[in-house]
Amino acid sequence: MKKILLVAAAFIGSIAVNAQEKKVDEVIKVTTEKYDFGKIKQGVPVSTYFEVKNISDKPVVIENAWGSCGCTTPEVPKEPIAPNSTVKLKVNYNAAAMGQFTKDVSIKLAGVTEVKKVSITGETMEPTAYDAWAKDMKEHADAKAAEAAKVQAAAVTAPVKTKTKTKIKTNKK
C-alpha cells in the first residue's frame with residue numbers, strides 16, 4: 001500500500017512539474033527561423049545572424065547552441081537576454097562540401113527543456129562554376145540597370161506636351 005501511494009505521489013508530482021514547464025516559443029521569438037544563403041562558393045565560409053528576442057518577463061540565458069554537423073558553428077551570446085530585448089546569434093557555415101545543404105541549429109535555453117531549432121540552406125558550388133555564374137548574374141544586372149537608366153533618361157528629356165485653352169475676351173455690344 002505504501003508503495004502504491006509513493007508511486008502515485010511521484011506521478012502526480014511529475015505532472016505538476018511538467019505543467020509548469022514553459023515552452024520555448026513562450027520565452028523567445030526568433031525573427032527568421034530559416035535563412036537561405038543561395039549559391040555560395042566552395043571553400044569560402046559564410047555567416048548569418050538569427051535575431052533572438054526575449055518575450056518573457058524574466059532574463060533568458062542561451063545555455064548552448066550547436067549545429068547538426070561540424071560544418072555549422074553557432075556563436076552563443078554570453079550575456080543574458082533582458083526582457084523585451086534582442087540578441088544576435090551568429091551562425092557560420094564552412095562551405096567545404098559541394099551541393100545543396102540544409103543544416104539545423106539547436107538553441108537550448110537555461111531552465112527550458114524544449115530546444116528551439118533554426119536552419120540554414122543553400123547550394124555550395126565548385127569555384128570556377130560559381131565564378132561563371134556570378135559573372136552571368138552581374139552582366140544580367142548591369143544590362144537591366146543600363147536599360148532602366150535609358151528609360152529614365154528618355155522620360156526626363158522627352159518634351160512635355162500640354163494643351164491649354166486661352167479665352168480671348170472681346171467687347172462686343
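Here are some short exercises on this predicted model, each with a worked solution.

**Exercise 1. Get your bearings**

Work out how many helices and strands the protein has, and in what pattern they follow along the sequence.

*Solution.* Start with the count: there are 2 helices and 8 strands. Now walk along the sequence, and the pattern reads α-β-β-β-β-β-β-β-β-α. Next, look at burial: of the 173 residues, 25% count as buried. Finally, take the contacts between residues at least 6 apart in sequence; 67% of these join residues at least 24 apart.

**Exercise 2. Place Glu 123**

Find the strand that holds Glu 123, then list what this residue touches beyond its sequence neighbours.

*Solution.* Step one is the address: Glu 123 sits in strand S8, which covers residues 115-125. Step two is the contact list. Leaving out residues up to four places away in sequence, Glu 123 touches Gly 38, Lys 39 and Ile 40, plus Gly 99, Gln 100 and Phe 101. Step three, pick Ile 40 from that list: Ile 40 is 83 residues away along the chain, yet the two C-alpha atoms are separated by 6.1 Å. Step four, check the side chains: Glu 123 and Gln 100 are joined by a polar contact of 3.4 Å. Last step, accessibility. Glu 123 has a relative accessible area of 22%, so it lands in the partly exposed class, which runs from 20% to 50%.

**Exercise 3. Track down the disulfide**

Which cysteines does the disulfide join, and is Cys 71 buried or exposed?

*Solution.* The structure holds 1 disulfide, so there's a single pair to find. That pair is Cys 69 and Cys 71, with an S to S distance of 2.3 Å. Now take the cysteines in turn. Cys 69 comes out at 28% relative accessible area, which makes it partly exposed. Cys 71 is at 14%, so it counts as buried; the cut-off for buried is under 20%.

**Exercise 4. A buried serine**

Say where Ser 106 lies and which residues it touches.

*Solution.* First, the strand: Ser 106 belongs to S7, residues 99-109. Second, its accessibility is 4%, and therefore Ser 106 counts as buried. Third, the contacts, again skipping residues up to four places away in sequence. One run of partners is Asn 64, Ala 65 and Trp 66, and another is Val 115, Lys 116 and Lys 117.

**Exercise 5. Odd backbone angles**

Asn 84 and Ala 95 aren't glycines. Work out what their phi angles look like and where each residue sits.

*Solution.* Begin with Asn 84: its phi is positive, about 65°. Asn 84 lies in the loop between strand S5 (72-75) and strand S6 (86-93). With a relative accessible area of 60%, Asn 84 is exposed. Move on to Ala 95, where phi is also positive, at about 55°. Ala 95 lies in the loop between S6 and S7. Its relative accessibility is 0%, so Ala 95 counts as buried.

**Exercise 6. Describe the largest pocket**

Give the volume of the largest pocket, name its lining and sort those residues by type.

*Solution.* The volume first: about 190 Å³. Then the lining, which is made up of Lys 22, Val 27, Ser 56, Asp 57, Lys 58, Pro 59, Val 60, Ala 110, Gly 111 and Val 112. Sorting these residues gives 5 nonpolar, 2 polar and 3 charged. If your own tally of the polar group is off, check the glycine, since Gly counts as polar here.

Note on methods: Residues numbered from 1 in each chain as written. Predicted model: local features only at pLDDT ≥ 70, side-chain atom pairs only at ≥ 80, totals over all residues. Heavy atoms only, no water. Helix = DSSP H or I, 4+ residues; strand = E, 2+ residues; numbered from the N terminus. Buried < 20%, exposed > 50% of the residue type's maximum accessible area, 1.4 Å probe, protein only. Contact = heavy atoms within 4.5 Å. Polar contact = N/O pair within 3.5 Å; in protein donor to acceptor, adjacent residues only side chain to side chain. Disulfide = S-S within 2.5 Å. 1 Å grid on protein atoms, 1.4 Å probe; cavity = no way out; pocket = protein on both sides within 12 Å on 5 of 7 lines; lining within 4 Å. Points joined across faces, edges and corners; volume = space filled by probe spheres on them.
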